[in-house]
Amino acid sequence: FQSLLQNKSFKMGRRPFRCYRYQKNKPYIKSRYCRGVPESKIKIYDVGAKKAPVDLFPFVAHLVCDEKQQISSEALEACRIAVNKHLTNTVGKDGYHIRVRVHPYHVIRANKMLSCAGADRLSSGMRHSYGKPIGVAARVDIGQPLLSVRAKDASEPHVIEAIRRGKFKFAGRQKILKSLKWGFTCYPRSEYVRMRKCGELSADGNIVKVNTR
């Protein structure tokens, strides 16, 4: 009976993510007490010309979450692939920089149940129902950016279309916002140009640093 129980528990499929869409419990992260957590499906968070200088890509658009929910690492990876594929085909692989802004740290659990004949005499039902880790998800809030893309001004329609395609990988509502800032910096465009001309800011890779002296 025990061997049958073990074989059946590994053959069951993944639970649909509608079961885990909302933030019901406290954050539950990987630790020395919570072991055996599967690896996150998303490993790369920056794609494209990530070393492009800050002055090269002034335009930036964000995919902003409009619901308080949880997003699985599988969905984040699917979104990144969809956005990257469209921009590679339209702009070229050196014409953009994608950055995924959320990281999946929250561990998702499932109480594995048997669905075979005679499962009622093998399984214990809801007794000791604290589940085993089956994956990880990101806990996101309303107004939180999920993904940002910087590119040249001429690439704006392609960036918006790429983010729109990536939006279909997530549940709930998201908004596509065009930023007034210069690239991934925190300065508005007009202010950025003025500060760069007078030497208050200097380029430091894909960001800027303030010259205080």
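What follows is a walk through the overall build of the chain and then a handful of its residues, all taken from a predicted model.

Starting with the big picture, the secondary structure of the chain adds up to five helices and 10 strands. For 213 residues the globule rule gives 17 Å, but the radius of gyration here is 22 Å, well over that value, so the chain is more spread out than a compact globule. Along the principal axes, the C-alpha atoms fill a box of roughly 75 × 40 × 25 Å. As for burial, 40% of the 213 residues count as buried. The contacts have a strong long-range flavour: taking those between residues at least 6 apart in sequence, 82% join residues at least 24 apart.

On the surface side, the chain exposes about 13100 Å² of accessible area, and carbon and sulfur atoms account for 53% of it. Charge is lopsided in number, with 43 positive side chains against 16 negative ones. The centres of these two sets sit 9 Å apart.

Next come the aromatics, where the structure holds three pairs. One of them joins F17 and Y20, with ring centres 5.8 Å apart and planes at 50°, so this pair is tilted. For reference, planes under 30 degrees apart count as stacked and those over 60 as edge-to-face, with the rest called tilted. The two partners differ in how covered they are: F17 is partly exposed at 25% relative accessibility, whereas Y20 is buried at 11%. Another pair is made by W182 and Y192, whose ring centres are 4.6 Å apart and whose planes meet at 20°, so the pair is stacked. W182 belongs to the loop between β8 (174–178) and α5 (189–197), while Y192 is in helix α5 itself; the two are 10 residues apart, and the pair links distant parts of the chain. Both of these rings belong to buried residues, W182 having a relative accessibility of 13% and Y192 a relative accessible area of 1%.

Two helix residues give a look at the buried part of the model. I163 is in helix α4, which covers residues 156–167, and its relative accessible area is 0%, so it counts as buried. Setting aside neighbours within four places in sequence, I163 touches A61, L63, V83, L147, V149 and I176. With I176, the separation is 13 residues along the chain and 7.3 Å between C-alpha atoms. S73 is found in helix α2, residues 73–90, and is likewise buried, with a relative accessible area of 2%. Beyond its neighbours within four places in sequence, the contacts of S73 are S40, K41, I42, P104, V136 and A137. Measuring S73 against F170 instead, the two are 97 residues apart in sequence and 11 Å apart in space, C-alpha to C-alpha.

The loops supply the remaining cases, beginning with two prolines. P38 lies in the loop between α1 (2–11) and β1 (46–48) and is partly exposed, with a relative accessible area of 32%. Once neighbours within four places in sequence are left aside, P38 is in contact with P133, I134, G135 and V136. P38 and P133 are 95 residues apart along the chain, yet their C-alpha atoms are separated by 7.2 Å. P16 is also placed in the loop between α1 and β1, and at a relative accessible area of 36% it is partly exposed. From P16 to G125 the gap is 109 residues in sequence and 20 Å in space, C-alpha to C-alpha.

Finally, there is a backbone oddity. Most residues other than glycine have a negative phi. H128 is not a glycine, yet its phi is positive, at about 50°. H128 is in the loop between α3 (119–122) and β6 (132–140). With a relative accessible area of 74%, H128 counts as exposed.

Notes. Residues numbered from 1 in each chain as written. Predicted model: local features only at pLDDT ≥ 70, side-chain atom pairs only at ≥ 80, totals over all residues. Heavy atoms only, no water. Helix = DSSP H or I, 4+ residues; strand = E, 2+ residues; numbered from the N terminus. Rg over C-alpha atoms; globule rule 2.2 N^0.38 Å. Buried < 20%, exposed > 50% of the residue type's maximum accessible area, 1.4 Å probe, protein only. Contact = heavy atoms within 4.5 Å. Areas by Shrake-Rupley, 256 points an atom, 1.4 Å probe, with all protein chains shown as cover. Lys, Arg positive; Asp, Glu negative; His and termini not counted. Charge placed at Lys NZ, Arg CZ, Asp CG, Glu CD. Phe/Tyr/Trp six-rings, centres within 6.5 Å; stacked < 30°, edge-to-face > 60°.
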